[in-house]
Amino acid sequence: MVVAALAQLDRALKRALPLALAFFVVLLSVVPMPVPEYAVLAPSFALMSVFYWTVHRPDLFPAWGAFAVGLFDDMLTGAPLGLGAFVLLLVQFSIVAQHKVFRGKAFWLVWAAFAIVAVSAQIVTLVFGFALKGALPAALPAATQLALTIALYPVATAVFGRLQRFFLAGS
Amino acid sequence: MKRTGPMLKIAAPMRVLAQRAAFLGLLGGAVGLMVLGKAEAPFVERARMLVADAVVPVLDGIARPVQTAAQIADNVRGLMDVNAENARLRAQNAMLLHWQQVARNLEAENRALRETVHAATEASFTYVTARVVADAGGAFVRSVLIAAGLRDGVAKGHTAMSPNGLAGRVGEVGERSARVLLLTDLNSHVPVMIESTRDRAILDGDNTDLPRLVFLASGSRPQLGDRIVTSGHGGVFPPGLPVGVVVQTGEQGGVRVKPFVDFHRIDYLRVVDYGTGGTLPLAAPPPQIKRLR
């Protein structure tokens, strides 16, 4: 009885991993780092995790999860409330809608898809951000951040993939 | 968990439909939040600070070891050129002792002069030093979260000082956390003056590292290297706080100021209540108005 309950708890915790991880990386992205310009140039870990988990385990990363992660990000960074939630929701939905495209594809294809998604997400963010704030961010930092986000996706994949194999293999 | 039969045939489209409905509902929710945020609904700020209050202990837990590691790295680097550093500090100490004497003389003279003209004594101020636990340099904001809030006496409109100079002001405050809008934020407009000429201007943040000097008094020509201090106008900041130096005076891009505060390494901020009342939009009315009624 106890063993069964524990096994169930274990399974539930493991299945909560993708979402919990997404919240954790959002926290990481705002921790003050002794790296020049880190706060401005920190890649969008939230976008990476929403993309990775929706591609690999869409069952564990529902739409409300993407919404909640985006909202959490907005609240921590002080960005226009709802903007991050809106963008991550669109990302999540577009991947779910095109799910067949990603199945069993080579990594570089998934990476290319991520690049397209990241650029589109950035454009949506800029358009809505401009509408809400009446100003555009400086071009160079925004472009550098986007480039870093795309460039570091393979690293994120390696880390998430390892965690996925370790915790979620067979579930 | 494979299901077969007619149930699946109905269930699958139903599930897709439910998914679509949920997606649209959430999307509508996000847009609604953006509208509410734009309208500056008070609950938006409250919700933001509730979340900040909840995560500040966690952020603090992550930030501490990072800061410790950075300090250790600094110490190791410091050990390497400890001799040169020592010589530099000795020279600086000699100079500062001289300045200390100057300051003492000026203080005494100032006190004497104030007594002569019966000047009103300046209000005293209180402060609290708080750790910076989150640094949010998003595309649209430049702000930091500090681990001190209402319970520590921090209130909206208080001045945030770094050891080198003005960092910003408290924009939102929760129970045990507060958000400090930095000088570089889009919403930061600080009344300043050029220290040498006392020409007034406004220092406008534009999300770049170098805020812009605007509304300069006509005929005022700031020079490279001019020190910028707060002017005290508008009543948000007291006069004379060090802000930065002019680093660009070109026609294109305007006059730009490099703040004294090192935004890449703010571990602590001193939140000071200068008793200026914090006349922020949406802030509570200043206490003296309350007393009049």
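Two residues are in contact here if their C-beta atoms, placed from the backbone, lie within 7 Å.

## About the model

This is a predicted model, in which local features need pLDDT of at least 70 and side-chain atom pairs count only at pLDDT 80 or more, while totals for chains, interfaces and linings use all residues. Residues are numbered from 1 along each chain as its sequence is written, and chains are lettered from A, with ligands numbered from 1, in the order in which they are written.

## Chain A at a glance

Let's start with contacts: among those in chain A between residues at least 6 apart in sequence, 72% join residues at least 24 apart. The chain holds 10 helices and 0 strands, giving the pattern α-α-α-α-α-α-α-α-α-α along the sequence. Helices (H or I, at least four residues) and strands (E, at least two) are DSSP runs, numbered from the N terminus.

The C-alpha trace of chain A spans about 60 × 35 × 30 Å along its principal axes. Its radius of gyration is 17 Å, which agrees with the value near 16 Å for a compact globule of 171 residues; this radius is taken over C-alpha atoms, and the globule rule is 2.2 Å times the number of residues to the power 0.38. Of the 171 residues in chain A, 41% are buried. A residue is buried if 20 or more other C-beta atoms lie within 10 Å of its own, exposed if 12 or fewer, and partly exposed in between, with C-beta atoms placed from the backbone.

## Helix α8 of chain A and its two partners

Helix α8(A) covers residues 107-133 and helix α9(A) residues 139-151; their axes come within 10 Å and cross at roughly 155°. Axes are lines fitted to C-alpha atoms, for helices over the stretch in contact, and angles run from 0 to 180 degrees between N-to-C directions. The two helices are therefore roughly antiparallel to each other (angles under 35 degrees count as roughly parallel, over 145 as roughly antiparallel, 65 to 115 as roughly perpendicular and the rest as oblique). α8(A) passes α9(A) in a right-handed crossing; a crossing is left-handed if the near helix is turned anticlockwise from the far one by less than a right angle, and right-handed if clockwise. From α8(A), F114(A), A115(A), A118(A), V119(A) and Q122(A) meet L146(A), T149(A) and I150(A) of α9(A).

Helix α6(A) also packs on α8(A), at an angle of about 150° with the axes 10 Å apart, so α6(A) and α8(A) are roughly antiparallel to each other. Here too the crossing is right-handed. On the α6(A) side the meeting residues are L83(A), F86(A), V87(A), L90(A), V91(A) and S94(A), and those on the α8(A) side include V117(A), A121(A), V124(A) and F128(A).

## L88(A), a buried residue

L88(A) lies in α6(A), residues 83-97. With 30 other C-beta atoms within 10 Å, L88(A) is buried. Leaving aside neighbours within four places in sequence, its contacts are A46(A), L47(A), V50(A), A66(A), V69(A) and G70(A). The C-alpha atoms of L88(A) and A121(A) are separated by 7.9 Å, although the two residues are 33 apart along the chain.

## The barrel of chain B

Chain B offers a change of scene: 6 strands close into an antiparallel barrel in the order β1-β2-β5-β4-β3-β12. From one strand to the next, the twist averages 40°. Helix α2(B), residues 42-80, packs on the sheet and touches β1, β2, β4 (166-173) and β5 of chain B, its direction making about 85° with that of β1(B).

Two strands pair if DSSP finds at least two bridges between them. Strand β2(B), residues 143-146, is joined antiparallel by 4 bridges to β5(B), residues 178-182, and likewise by 4 bridges to β1(B), residues 126-136. V144(B) in β2(B) stands opposite D135(B) and has V180(B) as its bridge partner in β5(B). Both faces of β2(B) are covered, with S143(B) and L145(B) buried on one side and V144(B) and I146(B) buried on the other. Elsewhere in the barrel, 3 bridges join β3(B), residues 159-161, to β12(B), residues 268-273, in antiparallel fashion, with T159(B) opposite V272(B).

## D60(B), on the packing helix

D60(B) has its place in α2(B) and counts as partly exposed, with 17 C-beta neighbours inside 10 Å. Apart from neighbours within four places in sequence, D60(B) is in contact with R131(B), V133(B) and A147(B). The C-alpha atoms of D60(B) and R131(B), 71 residues apart along the chain, are separated by 8.3 Å.
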